Every structure is written in C-alpha cells, then in structure tokens.
Amino acid sequence: NHTPMHTQRFTPGQRIILLVAEGFGFGRTRFAPGTFGSLPGLALMWGLLAVNASPLHCLALWLLCFLCGIPICRQAAVLRGKHDPGSVVWDEITAFPLLAAIAEPGWQSLLLAFVLFRIFDITKPWPVNRLERIPGGTGIMADDQAAGVWAGLVLWITQKWLI
C-alpha cells in the first residue's frame, strides 16, 4: 500500500493500537513529542504515589506495561512506517511506574523524576544508546526503560542523601 500516512485509513484495532502507543494523543504534538508524551506517565506516577502503591505493585505495573508495550510499539512503528516514530510514546509512559517504585511522595519527587527521565531519555548515556539499536518493539521499549533506571538511580541517591 503506497497511500500517504496522512490519508491512510486504519482499522478500528489499528486506531486503538495507535491511540495507546501515541499516549492518547500526547505523542502527536509537533514540538517535543517525547516530553509531552511523558505527561500521561507523570500522571500515572502521581496516581501511584497518591494511593501509596507499594514498590512491588509499581514494579508489577511497570512489567505489565513493558511486556504489553513491546507488541504495541512494534505494531505502531509498522503502521507509521518508521523504526521508532517520535509520536510513539508508550515507551516513555511505561518508565514512570518504575520511577514511582523509588520516589518519595510529593511534588518535588514528581518534578525531579520527570526532569531526570527526560535528561536521560534525550542524552541516551550508555547503555541507553545501545539498547535503542535492538530491532522492533523491544528496542523501542528498552532504551526508555534504561533511561528510567538511570533516572531512578539519580532520584534515589538524591532523595536518600540530599533531600
């Protein structure tokens, strides 16, 4: 099918995949889609902290989102015709339950987690930069989770020793 993406018609199932993968529309912004696409993840983190979800529950949710995200992001990439489309932000959203497992309750932790995650997601230090080379949905998901681990480590150190 050589139909341009903006005129291509998707099935209802494909539209649902894109809706989830693109962060319920947040990833469709023209400016900084990864940053705007992280906002639903931040809201999810806030919710987990607000209900005092245990670290184990946060990690279980993270694992579920990660495993579901592999086929979701793979299919969205195929539908958008790119290896890792900027509009696909489920990978960013998924990192936030991981950060919620570490974060102390409070707006300072939310803000710091968001900023740290975006820094590590944008700069892609080792091994983040290597993981994005993995093909398919696994590569799309893995680099952002590694950025989440880096952000979580710095968040934990900051909360433990500086705040």
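These legends cover four close-up views of a predicted model.

**View 1. The second largest pocket and the residues around its centre.** The pocket holds about 170 Å³ of space. Its lining counts 14 residues. Nearest the centre lie Asp84, Glu92, Asp121, Lys124 and Asp144. By class, the lining of this second largest pocket comprises 8 charged, 4 nonpolar and 2 polar residues. Four helices each supply at least two lining residues: α2 (33-37), α5 (90-100), α6 (107-123) and α8 (136-161). Of the elements, α6 gives the most, with 3 residues.

**View 2. The cis peptide bond from Trp126 to Pro127.** Omega is near 0 degrees for this bond. Pro127 sits in the loop between α6 and α7 (128-131). Most peptide bonds are trans.

**View 3. Phe24, a residue with positive phi.** Phe24 is not a glycine, yet its phi is about 60 degrees. Most residues other than glycine have a negative phi. Phe24 belongs to the loop between α1 (12-21) and α2. Is the residue at this position buried or partly exposed? Phe24 has a relative accessible area of 49%, so it counts as partly exposed.

**View 4. Asn52, another non-glycine residue with positive phi.** The phi of Asn52 is about 55 degrees. Asn52 is found in the loop between α3 (39-50) and α4 (55-80). Its relative accessible area is 62%. The cut-off for exposed is over 50%, so Asn52 is classed as exposed.

Terms used:
Residues numbered from 1 in each chain as written. Predicted model: local features only at pLDDT ≥ 70, side-chain atom pairs only at ≥ 80, totals over all residues. Heavy atoms only, no water. 1 Å grid on protein atoms, 1.4 Å probe; cavity = no way out; pocket = protein on both sides within 12 Å on 5 of 7 lines; lining within 4 Å. Points joined across faces, edges and corners; volume = space filled by probe spheres on them. Nonpolar A, V, L, I, M, F, W, Y, C, P; charged D, E, K, R; others polar. Buried < 20%, exposed > 50% of the residue type's maximum accessible area, 1.4 Å probe, protein only.
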